[in-house]
Amino acid sequence: MSDLEQAARLLARAQRIAVLTGAGVSAESGVPTFRGAGGFWGKYRPEDLATPEGFARDPNLVWNWYQARRRQLLQVQPNPAHYALARMERELPARVTIITQNIDGLHQRAGSKNVIAIHGDLMLTICTSCSFSRREEPPFEDGVPRCPNCGALLRPGVVWFGELLPERELQQALEESHNCDVMLVVGTSAQVYPAAGFPSAARAAGAAVIEVNPDPALGGIARYVFAQPAGQALPPLVDAAVALASGGQHSPG
Ligand code: OAD
């Protein structure tokens with residue numbers, strides 16, 4: 001049996017599937033990744049743009065970068081990888097939960113419902129002082145906005161380096177990692193904790209780990225590795241799993 005058949009069989013039989021995604025799942029939509037060729041952190045310093053200290057030093061620089069990313073998001077669409085994951089949630093018997101490090105909202109736009117966004121949401125603006133928050137609409141203009149309630153600086157509603165993850169999302173992600181039968185890991189370099197630790201936590205708790213990444217990052221943790229772009233690997237994998245789960249025969253090729 002091919003790896004695709006075996007991995008599809010695991011997905012078809014699972015009761016709980018956790019999907020951990022990173023920037024790579026959105027690469028084929030045209031959203032740059034962080035590391036590697038063409039990645040954000042090859043061009044910019046994360047400490048300038050994605051830390052509380054960088055924001056305190058130069059809020060204008062940080063806001064301009066996030067507003068440019070918001071404008072860029074208006075130009076992109078979910079890709080076949082996002083749609084395949086949404087189909088998995090709809091059509092497999094398992095409860096499917098996506099734990100995403102991405103802030104781009106593309107899983108939700110593709111139709112996924114059960115999404116835990118552990119690094120926040122690019123379209124959210126929050127106050128640095130009070131509990132004010134709002135969802136943004138275009139146009140996304142440059143400049144540093146102030147809180148309409150208390151006058152403090154507003155900031156993007158995302159998690160920066162050196163900050164804690166939102167408690168509820170972190171607990172949910174840990175719970176899913178510890179209790180899934182299968183963890184599907186898609187498009188992450190697994191370098192940023194705590195997310196980078198979820199696959200080994202899942203494996204230690206008895207789950208089978210499947211990795212999709214043209215440049216695999218999990219080493220021996222993964223039982224099956226599909227070293228392909230997510231938009232190529234996921235649609236046939238999900239097709240095969242759905243066919244198996246619905247009792248149909250899947251003929252490869
Ligand atoms: P990275 O940029 O570190 O890694 C992206 C991964 O996607 C790499 O392993 C690539 O090989 C892989 N990849 C590239 N194209 C792909 C494709 N078409 N299909 C599948 N995989 C592909 O992104 P993350 O691991 O998500 O945090 O980075 C984690 C965190 O670090 C981000 O959430 C962000 C970043 O700094 C913050 O900003 C706090």
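## A loop, a ligand site and helix 10

Ala-190 lies in the loop between strand 7 and helix 9, and in this predicted model that loop is a convenient place to begin. Most residues other than glycine have a negative phi, and most peptide bonds are trans. Against that background, Ala-190, which is not a glycine, has a positive phi of about 50°. The loop that runs between strand 7 (182–186) and helix 9 (198–204) also holds Pro-194, and the peptide bond leading from Tyr-193 into Pro-194 is cis, its omega being near 10°.

A further cis bond joins Pro-138 to Pro-139, with omega near 5°. Here Pro-139 belongs to the loop that connects strand 5 (133–135) with strand 6 (154–158).

From these backbone features we can turn to the ligand, which is surrounded by 22 residues, with Phe-34, Arg-35, Thr-188, Ser-189 and Asn-213 as the closest. For Arg-35 the approach is through the side chain, one of whose N or O atoms is 2.6 Å from an oxygen atom of the ligand. Gly-187 instead presents a polar backbone atom, placed 3.3 Å from an oxygen atom of the ligand. A nitrogen atom of the ligand, in turn, has a backbone N or O atom of Ala-230 at 2.8 Å.

Ala-230 is also among the residues through which helix 10 touches helix 6, and this leads to the packing of the helices. Two packed helices are described by the angle between their axes and the distance between the axes. For helix 6 (residues 80–91) and helix 10 (residues 230–245), the axes come within 8 Å and cross at roughly 20°. An angle under 35 degrees counts as roughly parallel, and helix 6 and helix 10 are therefore roughly parallel to each other. Their crossing is left-handed. Helix 6 contributes Pro-80, Ala-81, Ala-84, Leu-85, Arg-87, Met-88 and Glu-91 to the contact, while helix 10 supplies Ala-230, Gly-231, Leu-234, Pro-235, Val-238, Asp-239 and Val-242. Sorted by class, the residues of this contact between helix 6 and helix 10 are 10 nonpolar, 1 polar and 3 charged.

Helix 10 also packs against helix 1 (residues 3–13), the two axes again coming within 8 Å but crossing at roughly 55°. Helix 1 and helix 10 are therefore oblique to each other, and they cross in a right-handed sense. On the side of helix 1 the contact involves Leu-4, Glu-5, Ala-7, Ala-8, Arg-9, Leu-11 and Ala-12, and on the side of helix 10 it involves Pro-236, Leu-237, Ala-240, Ala-241, Leu-244 and Ala-245. The contact of helix 1 with helix 10 comprises 11 nonpolar and 2 charged residues, with no polar ones.

Definitions and conventions: Residues numbered from 1 in each chain as written. Predicted model: local features only at pLDDT ≥ 70, side-chain atom pairs only at ≥ 80, totals over all residues. Heavy atoms only, no water. Axes fitted to C-alpha atoms, helices over the stretch in contact; angles between N-to-C directions. Helix = DSSP H or I, 4+ residues; strand = E, 2+ residues; numbered from the N terminus. Parallel < 35°, antiparallel > 145°, perpendicular 65-115°, else oblique. Left-handed = near helix turned anticlockwise from the far one by under 90°. Contact = heavy atoms within 4.5 Å. Nonpolar A, V, L, I, M, F, W, Y, C, P; charged D, E, K, R; others polar. Near = heavy atom within 4 Å. Polar contact = N/O pair within 3.5 Å; in protein donor to acceptor, adjacent residues only side chain to side chain.
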